[in-house]
Amino acid sequence: MTNEVQFILSLCIGFTVIIGIVKFKRIDRSYYPFFYLACISLLVEIISYVLIEKEMYDEKTVMINVFCFIEFVFYTWLFHLWGLFNFNRRLFIFINLIAFLMWLVFSFYPEGFTKPNMYFRVIYATALLFFAVTTFNKVVIQDRAPLFKNPKFWIILGIIIFFSFYLLSRTASLSLFGIDTSRQLRRGLQEVINYSNLIVNLMFAIGALCIPRKKNFTGLF
Amino acid sequence: MHTQEEEFYRAILIVAAVVGTILLYFIITAIRYHRKSIRMHKDKIQAEIDTLENERRRIASDLHDELGPLLSAVKLQINNIETVGEQDQQLVVKSSQHIDSIIQKLREISNNLMPNTLLRKGLKSGIEELAETYKKASRLEIKFNCDQEIRLDQNKEINLYRIVQEVLHNTIKHSGANLLLISLRKDDNRILLATADNGKGFDYFSKSKELKGLGLRNLQSRTEVMGGELICNSQPGKGVTYIFDIPV
């Protein structure tokens, strides 16, 4: 898969962004973090491509390192608004503080800030997988609406699928740490993420389409 | 890629395929069990509501058809007693009055259990009568607005009537409101029942989680059984608005 093809496929997140822009004012606020993150992701994909084209690999790595933390914050915010931490704001902030400390530590250890923070990526993907599975179970038990029409179902499923493959690819990369590997192998591992990313972006778009309109109360008074 | 790398990459792909299959199986089973759970839940609520309504109907009919005539006969017999003195006469009159109030009370209970007006004249008249009864019994001002005559299948009418009854009960008992507005409208393929009070309001999510919130769960269950949607808009200090959107 060439860089161009990879870039075009990654732009699929644009569908979600477009749907988000169209529906933004008419949907429930609890979906806002999802749309914010979709916009940030699209921006990151575009900047990544530009940086690769200009062969600024260190800058790209730094940006992805920062994005990992931002992604974690937005997903936990989304889950928090969906009631994962029983709407406990302190717990939500505490979890993010812990994540920030881990991000700081693993961004400078074992390598510098210009190298991928692999340990943090494995940890945050695992945490998000746990959060997503718990929220998924809540949705399946509590929501009585058909699952196919439930936006939370599509979004959470997307998160579970993406981070499962992400975790697989990242742990494989981690096991190769320190070993001199070929460019093809690294690209091959990246492709696993790219294909899952494509499927997940389409699932996010379906989820965004399913988000119901906010109920307007004209009031009887 | 070297041979060793190729083998490693192949192993990763196999693991990815296995993970993908497990995820697919997980999704399919989750959807199947969700559907099954919804069906079972709905059947269970329907059975509970049916049992409750049948029992109410039976008790109402027993009270009205058996105890009522029996008490009337007793009253007739008491009135026919030939009294000797003034004291006996007063006793007979008093007993007759007591029997009258018992008969009246029985009618009220029977009507409360299974309202005749609802069964004979339909939902609009049923709710009108209910609102009048509650208006007399409390200081709550109730305004009911319905422009059309609405006839639905009896189960739906009873469920909607019970919902209004529950809302009235909750408003009087918990809200501290002095005004309740009820609106009933039928569109092409749905019934819209809306209620709004000017009381102290509550936090819907925390209340619906409480086990003792039976009234709220009753509203949810009856709406669910009719395949409808319950929307509650309430904040502490800002009253409660319920909207029941029921497909016909």
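Tutor: Contact means heavy atoms within 4.5 Å. Keep in mind that this is a predicted model.

Student: How many residues does each chain bring to the contact?

Tutor: Chain B gives 36 residues and chain A gives 31 residues.

Student: What area is buried between chain B and chain A, and what share of that area do carbon and sulfur atoms give?

Tutor: Buried area is accessible area that two parts lose on being put together, summed over both. Here the value is about 2800 Å², and carbon and sulfur atoms account for 79% of that area.

Student: Which elements of chain B each supply at least two residues of the side that touches chain A?

Tutor: They are the helix α1 (3-79) and the strands β2 (179-186), β3 (190-197), β4 (229-234) and β5 (240-247). The largest share comes from α1(B), with 19 residues.

Student: How do the residues on that side of chain B divide into nonpolar, polar and charged?

Tutor: There are 21 nonpolar, 9 polar and 6 charged residues.

Student: How many salt bridges and how many polar pairs cross the interface of chain B and chain A?

Tutor: The rule finds 0 salt bridges across the interface. For polar contact, it finds 3 residue pairs, with both residues at pLDDT 80 or more.

Student: Which residues of strand β1 in chain B lie on the covered face, and which on the uncovered one?

Tutor: Within residues 141-145, B:I142 and B:F144 form the covered face, whereas B:E141, B:K143 and B:N145 form the uncovered face.

Student: In what sense do β1(B) and β2(B) pair?

Tutor: The two strands pair in the parallel sense, over 5 bridges. In this pairing B:K143 stands opposite B:L181 of β2(B).

Methods
Residues are numbered from 1 along each chain as its sequence is written. Chains are lettered from A and ligands numbered from 1 in the order in which they are written. This is a predicted model: local features need pLDDT of at least 70, side-chain atom pairs count only at pLDDT 80 or more; totals for chains, interfaces and linings use all residues. Side-chain values use heavy atoms; hydrogens and water are left out. Buried area is the accessible area (1.4 Å probe) that two parts lose on being put together, summed over both. A salt bridge is a side-chain nitrogen of Lys or Arg within 4 Å of a carboxyl oxygen of Asp or Glu. A polar contact is a pair of N or O atoms within 3.5 Å; within protein, one must be able to donate a hydrogen and the other to accept it, and residues adjacent in sequence count only if both atoms are side-chain atoms. Helices (H or I, at least four residues) and strands (E, at least two) are DSSP runs, numbered from the N terminus. Ala, Val, Leu, Ile, Met, Phe, Trp, Tyr, Cys and Pro count as nonpolar, Asp, Glu, Lys and Arg as charged, and the others, Gly among them, as polar. Buried means under 20% relative accessible area, exposed over 50%, partly exposed in between (1.4 Å probe, protein chains only). Two strands pair if DSSP finds at least two bridges between them.
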